[in-house]
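Q: Could you take me through a few features of this structure, explaining how each one is read before turning to the case itself?

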Amino acid sequence: VMVLFSAPFRSSHFPMRWTLRLATILLTVCLLFPTATYGQADDGQEDLPIDPDSIYHLISPIAEQMTESREVPTRLSASAWQEDLDTLAAAMHRRIPYAEAALGNEKFTRRLDSLKRAIPGQTRDQRILSLMRLLNLPAPGTGHTGLRTSQRAINWHALPLYPYRFADGVYIMSAANPDLIGSEVLAIGGTPIDSVYAAIAPYVSADNRWNRQRAVEPWPLQHLWVNPLRAFGIVDQIDHIPVRIRNENGTVRDLSLKTMRPNSISYVRFLTSDSTRKETPPELQWSPATRRAQDNNEPNYRISYRDSTDLLYLRFNAVLNASSDWTVSDLADSLRHLADTKPLEKVVVDLRTNNGGNAGLVEPLVEVLGSHPKIDQRGVLYTLISPITFSAAGIFAMELERRTKTIFAGEPSGFAPNIWGEFAPVLLPNSKITVLLSYAYKLEGMPDTPRTYLAPDLHVPLTSNQHFSNIDSTMIAVRNHEPVPLDTTALDAAVQERFTGTYRLSPVHIAQVTETKGGLHFRMRKGPEPFIDTDLYPLSPTRLATDVSDAFLERTAGQQGLTLAWKDTTYALTPANPDAPSPIQKILAGRLEEGAEELRTALDAGVMLGSDFTEVPFRDLMEESLPRWPDSLSKRERAQRALPYKKLAVELAPMSWRVHAELAQVYKVLGRPDDALQALQSVRDLYPPRYENMLEFLGFEEKATREEW
């Protein structure tokens, strides 16, 4: 195409860059409109194959980076699959921090042995499911560890529809045949749909049961893969699948749906064509059942304000900067400006369609929502969540729970309060399947909390009728909600003074109760930012309520410290020296070894610190989280001072490729290329694609480096 198209126009009047652009447009048209391109309809005919590399690079870029377009075997011996299981098990123990606590060592070993014994009698699909079974960790918050099934090394068939599981059943949201949209799925292959979900559940990596039941993460392109259904015995073959539906007028129909492969024209058409789904009007974008906001050209976030109701509404679809000119920080500034200039009756932050992004971006939003006097009021600020709310969106929600007066509405969250985030890929040597292992523990809930999800204060289950009738019952509940006033009591000065002071919850959690103009205030830190920031409301001389539902501070007679009752768990707050800094404060003050020793002691005691201790305080050479150094220092002098901090970060977070990459950067600035290359070797072991990027970034010649190793 390039040669034929460019030859007649190759002149100074028609530069090569325009030839490239026009050729790209032509190829795009061929891809998106295959009927016109190939001159034939797709109905009833075999899928027309296209280059699988071009498709899989789009739908599964990490896996393609790992396989580097190598040939993927279609047949493997039982021993080769068993070797892959052993490789995966070793990688999970080596790369997942606190692996024993999360996996349960004996249980994990028994599961591994059982899966390996079953391999000889299994089909290829069942063996892939064995990998998924091993990756489904029996601990909350582990949904980032798993296997993304849309990769070339798996190449499963898919049903040409996207289902969503509402509170009242499973309904079709989009389909290759648009007439099916809105129909209820009753059964697949004669098996009731609830039983199909139950069969899938043990193989789905998820943070909690809500994430597993509602979200479609194991089928990340929003439809069902059918190979597992054959492996479960639900269907006999995978080319045409019997599906029973009930359409919108109540008629029950039995269909035979032709499946599709990811490297097929019909698959691309299904994902890209507006004809495969009814147009989703902007007013329906609130629904978690809507295909992901990005598929509907929805921005990452947008603000609206209604003068008639004084409602400030933020739809937050993805925790990502919309552009360099419209960042999340700019969004926070806009919210502050609106709050300064407009009357506010309600402020709603909608996270129901947000399944993640970059959690490092949310602090400006948390700060403005938690500090603005017109926003941070009980009964004014509301946060909407759903089982789709996940990852960075969950971290943002947890920050709001602990640091604002927000009221949560909607459905239980798809995230766990304490999340294992950030993942690195592992390539299995024989099957060439790429798995993702999370390595960074996000301590967003209380330590050792039994909570597996964030429960909404206003629980509004999402039904199919709400979605298809465009009735946002959650927003209706928010508009009508008036919080019940707390029945508080006045404390005399002596009683109030007995609550004030500095307390320690753990080796790294330091809390203070202080007197303010309005009464008492509770703030806890575990790192550079506040962990809890809440007013206190006396319910009795011994019990104080917080801004968090079902969270109280208590003091009993003769007790030296306080008790923090957080949801269904209690924590002892013991008196501490008010001048005693936390380990991170010591490190940031330049007392590196003293603070580091306290962190090591906490780790040895089994305290799960979270990545804010092991990564964030040591992130960048110029970041403020490192001690402030004179501006007159050269880059080399800054690197010399940063070196011990980077080494400590590697010690505390050996499974994080980021800290090894930053150590390599410091060594390169200091003119120590051998040490930089050694640090990069750890990056290569932990996250091979990032290794290639870092080689280029640091100016190393890739070929020479590979030969040296």
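The dialogue below treats a pair of helices, a barrel and a further helix in what is a predicted model.

Q: How are the axes of helix H6 and helix H9 placed, and at what angle do they cross?
A: Angles under 35 degrees count as roughly parallel. Here the axes of H6 (residues 78–95) and H9 (residues 124–135) come within 10 Å and cross at roughly 15°, which means that H6 is roughly parallel to H9. The crossing of these two helices is right-handed.

Q: Which residues in H6 and H9 meet?
A: An α-helix has 3.6 residues a turn, so residues three or four places apart point the same way. On the H6 side the residues in contact include Trp-81, Leu-85, Leu-88 and Met-92, and among those they meet in H9 are Arg-124, Arg-127, Ile-128, Leu-131 and Leu-135.

Q: How many strands form the barrel, and in what order do they run?
A: Eight strands make a closed barrel in the order S15-S16-S17-S18-S19-S20-S21-S22, with antiparallel pairing. On average, neighbouring strands of this sheet are turned by 30° against each other, direction ignored. Strand S15 (residues 501–504) pairs with strand S22 (residues 569–575) in the antiparallel sense over two bridges, and Arg-504 has Thr-574 in S22 as its bridge partner.

Q: Which strands does H16 lie across, and is H16 mostly covered or exposed?
A: Helix H16 (residues 392–403) lies across strand S18 (530–540) and strand S21 (562–566), running at about 40° to S18. H16 is mostly covered, with 12 of its 12 residues buried, including the charged-end residues Arg-402 and Arg-403.

Notes: Residues are numbered from 1 along each chain as its sequence is written. This is a predicted model: local features need pLDDT of at least 70, side-chain atom pairs count only at pLDDT 80 or more; totals for chains, interfaces and linings use all residues. Side-chain values use heavy atoms; hydrogens and water are left out. Buried means under 20% relative accessible area, exposed over 50%, partly exposed in between (1.4 Å probe, protein chains only). Helices (H or I, at least four residues) and strands (E, at least two) are DSSP runs, numbered from the N terminus. Two strands pair if DSSP finds at least two bridges between them. Axes are lines fitted to C-alpha atoms, for helices over the stretch in contact, and angles run from 0 to 180 degrees between N-to-C directions. Contact means heavy atoms within 4.5 Å. Angles under 35 degrees count as roughly parallel, over 145 as roughly antiparallel, 65 to 115 as roughly perpendicular and the rest as oblique. A crossing is left-handed if the near helix is turned anticlockwise from the far one by less than a right angle, and right-handed if clockwise.
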